[in-house]
Amino acid sequence: MKRENVLVSEDALARQREFEAKIKKMFTSREAHPVACVDTFGCQQNVADGQKLMGMLADSGFTFTEDPKEADLVILNTCAVREHAEQRVFGNLGILTHTKKENPEQVICLCGCMAQEERVSQRVKESYRHVDLVFGPHALWKFPELLWQVYETKKRVFSVQDEHGTIAEGIPVVREKGVKAWVSIMYGCNNFCTYCIVPYARGNNRSVKEEDIISQIRELLGRGFGEICLTGVDACSYRPSFSGLIQHILEQIPELPSLQIGSLDPAAVDDDFIALVGRYRNVHPHFHLSVQSGDNMILKRMRRRHTREDVIKLCGAIRRVRPEATFGADFICGFPTESDENFQNTLKLVTEAGITRLHVFPYSERPGTPAALMPQLPVEIRRERARILREQGETDND
């Protein structure tokens with residue numbers, strides 16, 4: 001199916017506000033005070049999505065708890081990147097059979113990238129019959145309507161169709177207390193790295209309009225947030241220009257105390273961005289890079305667009321304009337066909353590029369991805385290499 005960018009209309013979003021009002025009225029008529037538990041797994045984009053879910057629930061009259069036993073509604077907002085996270089979710093779904101038994105009116109919801117996978121939604125439909133609502137990232141904007149369907153029909157609701165990618169701005173958000181706020185600048189991904197299921201789950205690249213991003217940042221500053229972090233599955237692919245967006249934010253909001261970037265793709269960072277880092281001191285000097293491997297052959301098999309030399313060059317260029325800059329990076333250990341020599345190149349890259357904060361995971365095959373069909377390394381080797389790399393990161397931090 002060819003996906004197109006679909007901007008959700010103001011009328012469609014207003015209709016969701018009507019469903020929020022219906023839910024709130026329903027509980028008010030029962031003299032009930034609904035409580036929700038929202039458990040989010042995975043990346044910064046998932047965190048941002050979880051905050052939107054909580055915003056819609058707050059407008060529907062819900063308060064929040066971290067204990068599913070206390071909740072009238074439990075939401076598992078899931079990640080599809082690693083098998084370990086997937087097994088945790090299924091384990092939590094199993095545990096929720098007990099809370100549902102104690103409170104038969106409890107509504108249980110599975111959403112996020114994992115829910116969008118057909119094999120997962122089918123498994124839930126057949127084997128986890130206590131789950132009432134399942135929807136993927138494309139349907140997040142119409143969550144109030146889906147929840148109302150559950151309450152009104154007393155039937156299970158699944159919304160995991162391969163829909164067009166959407167951009168829905170104006171959804172209410174509940175943010176954690178503190179000084180940092182996440183701002184989504186784009187959704188989806190077009191890169192299709194061989195190990196990653198996310199493009200299949202979240203759809204194609206969709207960029208939020210620049211004026212909406214700037215307006216949201218101004219609103220957050222007015223509410224007392226001083227650190228703004230721009231996030232997206234592939235933030236550097238923002239269109240028409242990632243560097244242009246950063247420049248316009250910094251020019252139009254000079255009072256912004258700190259601007260951070262969730263993650264940088266080494267292949268997509270241009271000279272304009274580096275110049276902005278040197279010119280504007282309110283660009284936070286810690287940069288997290290999506291590296292994944294320090295070996296060029298493995299990077300090519302991952303279908304990454306950068307080389308190990310690109311990473312070293314990028315870190316050096318940023319340090320030249322901001323000597324105090326520090327770097328973190330994502331790494332996958334034990335990718336199919338990775339030899340000891342390939343892995344040693346990753347260890348060397350950490351030192352050569354001066355990367356001090358490591359986000360390390362053993363490779364996890366994802367059904368439906370090209371890498372899952374490649375010759376797999378034993379799980380023990382993947383885990384051992386991840387342990388070694390983590391220890392090197394800890395040593396580099398000392």
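Which residues lie nearest the centre of the largest pocket? In this predicted model, select Cys-43, Val-81, Ser-290, Gln-292 and Asp-330, which are the residues of the lining that lie nearest that centre.

Now extend the selection to the whole lining, which is made up of 41 residues and divides into 21 nonpolar, 14 polar and 6 charged. The space in this largest pocket comes to about 1,000 Å³. To see where the lining comes from, colour helix 2 (44–59), helix 7 (198–202), strand 14, strand 15 and strand 16, the elements that each give two or more residues to it.

Next, hide everything but the three strands just named, which form an open sheet in the order 14-15-16 with parallel pairing. Strand 14 (286–292) and strand 16 (357–362) stand at the edges, and because each has a single partner strand, one side of each is left without a neighbour in the sheet. Neighbouring strands here are turned against each other by 15° on average, direction ignored.

Zoom in on strand 14 and strand 15 (residues 326–333), which run parallel and are joined by 6 bridges; within this pair, His-288 can be picked out opposite Gly-328 of strand 15.

Finally, bring back two helices. Helix 12 (residues 308–321) lies across strand 14 and strand 15, and runs at about 175° to strand 14. Helix 13 (residues 340–353) also packs on the sheet, where it touches strand 14, strand 15 and strand 16, and its direction makes about 170° with that of strand 15.

How values were computed
Residues are numbered from 1 along each chain as its sequence is written. This is a predicted model: local features need pLDDT of at least 70, side-chain atom pairs count only at pLDDT 80 or more; totals for chains, interfaces and linings use all residues. Side-chain values use heavy atoms; hydrogens and water are left out. Two strands pair if DSSP finds at least two bridges between them. Helices (H or I, at least four residues) and strands (E, at least two) are DSSP runs, numbered from the N terminus. Axes are lines fitted to C-alpha atoms, for helices over the stretch in contact, and angles run from 0 to 180 degrees between N-to-C directions. Contact means heavy atoms within 4.5 Å. On a 1 Å grid over the protein atoms alone, a cavity is a set of points where a 1.4 Å probe fits but cannot get out, and a pocket is an open set with protein on both sides within 12 Å along at least five of seven lines; lining residues have an atom within 4 Å of a point. Grid points are joined across faces, edges and corners, and a volume is the space filled by probe spheres set on the points. Ala, Val, Leu, Ile, Met, Phe, Trp, Tyr, Cys and Pro count as nonpolar, Asp, Glu, Lys and Arg as charged, and the others, Gly among them, as polar.
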